[in-house]
Amino acid sequence: MFLCVANRPIVIIGGDEQAAQKCRLVLKTEAEIVVAWHELSPELVELEKQGRISWHREAINASTFNNAALVFIAIENMILIKKYHQLAIAAGAVVNVVDQPELCTGLTPSIVDRDPVVVAIGTEGTAPVLARNIKSQIEIALEPELGKLAKLGGQLREAVANSILPHKRRSFWKWVFSDAPRRLHAQGNEQQAAAIITNAIKAGGAPENTKQGEIILIDTSHGTADLLTLRAMKRLQEADIIFYSKTTDAPALEIARRDAERVYTAKRLTQELKGDILVAANQGKTVVWLNGRIDRLEQELMAKKIRVEIVPSVTIERNNYIPTIASPNIVGPYLGKQPVAEVQLN
């Protein structure tokens with residue numbers, strides 16, 4: 001359940017790091033955030049100067065909690081905790097007391113934030129570490145800019161209602177959030193995604209058989225899963241078929257979608273391998289090629305309008321231990337996708 005807190009107070013009792021953590025949690029809401037304590041941390045003082053929170057310096061009493069939608073109590077004095085807890089409950093607010101689950105009428109979950117898309121993971125306070133582990137898995141599954149696509153969908157709802165018949169709307173939204181628009185948006189082609197959505201609305205519904213093939217090159221030469229980027233993990237979860245050729249690909253295959261077809265092939269680009277890759281892409285499949293090269297397929301790919309995405313990995317320069325982003329050895333743009341240049345992370 002999500003609380004409607006627009007134009008209502010959220011009261012945070014306390015002024016140290018724990019209070020700041022709760023403040024960060026609710027800053028994206030439309031609530032009036034009131035922090036009540038005699039002294040605030042530098043972070044909270046700065047937020048008060050910016051006008052993002054209100055500082056309640058006076059004594060805390062029943063009026064402090066008037067109309068409050070939610071109250072966080074982030075202090076350690078048990079006598080004061082119980083006093084403020086009773087006042088907040090009497091005011092009708094949902095109350096969360098830090099590290100005191102038995103006093104809570106609302107529990108704070110781990111959050112995956114893709115505003116306005118929010119995923120909350122709760123364990124009723126029994127296993128917060130497990131909740132964080134699950135959060136990490138969902139962070140991988142949901143692309144960082146997904147919220148922008150959701151906002152675009154919200155802006156277009158009226159246009160969809162006016163132009164698309166009711167029995168076609170479900171399939172239209174499924175197409176937007178599961179097919180070409182989402183795929184393009186996730187790859188950074190936001191304007192192109194918006195354009196094809198707009199064209200589909202004008203046409204009265206989602207186009208049929210829209211899925212286009214694509215080839216995704218993922219560098220796994222480092223041989224370890226924890227150096228795969230979030231984008232590489234996401235693409236491995238989307239793959240229909242994966243071509244691999246080395247034992248160093250094993251960690252990536254462990255992360256890949258379980259029901260994706262896997263094809264072991266020699267490292268050399270043979271005519272047979274080239275044909276298999278092109279056939280799969282032409283069938284509308286998402287082809288992941290681990291440590292692949294496409295420079296010798298350039299003409300065929302350009303002619304067939306097959307999208308190509310290059311996903312680099314993080315590698316370590318062993319001489320000075322500076323992490324870098326490694327780019328595949330490949331030349332030229334492919335349908336708007338440029339090879340990623342090597343970048344040092346200082």
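In the predicted model, five strands form an open sheet in the order S3-S2-S1-S4-S5, and the pairing within this sheet is parallel. The edges are occupied by strand S3 (54–56) and strand S5 (94–97), each of which pairs on one side only. Neighbouring strands of this sheet are turned by 20° against each other on average, with direction ignored.

The pairing of S3 can be described at the level of residues. Strand S2 (residues 32–36) runs parallel to S3 and is joined to S3 by 3 bridges. Within S3, Trp55 stands opposite Val35. A helix also accompanies this sheet: helix H3 (residues 78–90) lies across strand S1 (9–13), strand S4 (70–73) and S5. The direction of H3 runs at about 165° to S5. Lys82 lies in helix H3. With a relative accessible area of 49%, Lys82 is partly exposed, because the partly exposed class extends from 20% to 50%. Lys82 and Val97 are 15 residues apart in sequence, and their C-alpha atoms are 9.6 Å apart in space.

The packing of two further helices was then examined. Helix H1 (residues 17–26) and helix H2 (residues 42–49) pack with their axes 9 Å apart, at an angle of about 45°. H1 and H2 are therefore oblique to each other, because an angle between 35 and 65 degrees falls outside the roughly parallel and roughly perpendicular classes. On the side of H1, the contact is made by Glu17, Ala19, Ala20, Cys23 and Arg24. On the side of H2, Glu43, Leu44 and Leu47 take part. The residues of this contact between H1 and H2 comprise 5 nonpolar and 3 charged ones, with no polar residue.

Ser41 is found in the loop between S2 and H2. Ser41 counts as buried at 17% relative accessibility, because the buried class covers values under 20%. When residues up to four places away in sequence are not counted, Ser41 touches Gly15, Asp16 and Ala20. Ala20 is also one of the H1 residues in the contact with H2.

A second open sheet of 5 strands has the order S10-S9-S11-S8-S12, again with parallel pairing. Strand S10 (261–264) and strand S12 (307–311) stand at its edges, and each has a single partner strand, so one side of each is left without a neighbour in the sheet. In this sheet, neighbouring strands are turned by 20° against each other on average, direction ignored. Strand S9 (residues 241–244) and strand S11 (residues 286–290) run parallel and are joined by 3 bridges. Ile242 stands opposite Val288 in S11.

Two helices pack on this second sheet. Helix H9 (residues 230–238) touches strand S8 (214–218), S9, S11 and S12. The direction of H9 makes about 135° with that of S12. Helix H11 (residues 271–282) touches S8, S9 and S11, and its direction makes about 145° with that of S11.

Several loops contain backbone features that merit separate description. A cis peptide bond joins Asp115 and Pro116, with omega about 10°. Pro116 lies in the loop between strand S6 (110–114) and strand S7 (117–121). Positive phi values occur at Asn67 and Asp99, neither of which is a glycine. For Asn67, phi is about 60°, and this residue is placed in the loop between S3 and S4. For Asp99, phi is near 65°, and the residue lies in the loop between S5 and S6. Asn67 is partly exposed, with a relative accessible area of 48%. Asp99, in contrast, is exposed, with a relative accessible area of 64%, because the exposed class begins over 50%.

Finally, the cysteines were considered. A disulfide is a covalent bond between the sulfur atoms of two cysteines. The structure holds 0 disulfides. Cys4 counts as exposed at 70% relative accessibility, whereas Cys104 is buried, with a relative accessible area of 16%. A further cysteine, Cys23, belongs to the H1 side of the contact with H2.

Key
Residues are numbered from 1 along each chain as its sequence is written. This is a predicted model: local features need pLDDT of at least 70, side-chain atom pairs count only at pLDDT 80 or more; totals for chains, interfaces and linings use all residues. Side-chain values use heavy atoms; hydrogens and water are left out. A disulfide is a pair of cysteine sulfur atoms within 2.5 Å. Buried means under 20% relative accessible area, exposed over 50%, partly exposed in between (1.4 Å probe, protein chains only). Two strands pair if DSSP finds at least two bridges between them. Helices (H or I, at least four residues) and strands (E, at least two) are DSSP runs, numbered from the N terminus. Axes are lines fitted to C-alpha atoms, for helices over the stretch in contact, and angles run from 0 to 180 degrees between N-to-C directions. Contact means heavy atoms within 4.5 Å. Angles under 35 degrees count as roughly parallel, over 145 as roughly antiparallel, 65 to 115 as roughly perpendicular and the rest as oblique. Ala, Val, Leu, Ile, Met, Phe, Trp, Tyr, Cys and Pro count as nonpolar, Asp, Glu, Lys and Arg as charged, and the others, Gly among them, as polar.
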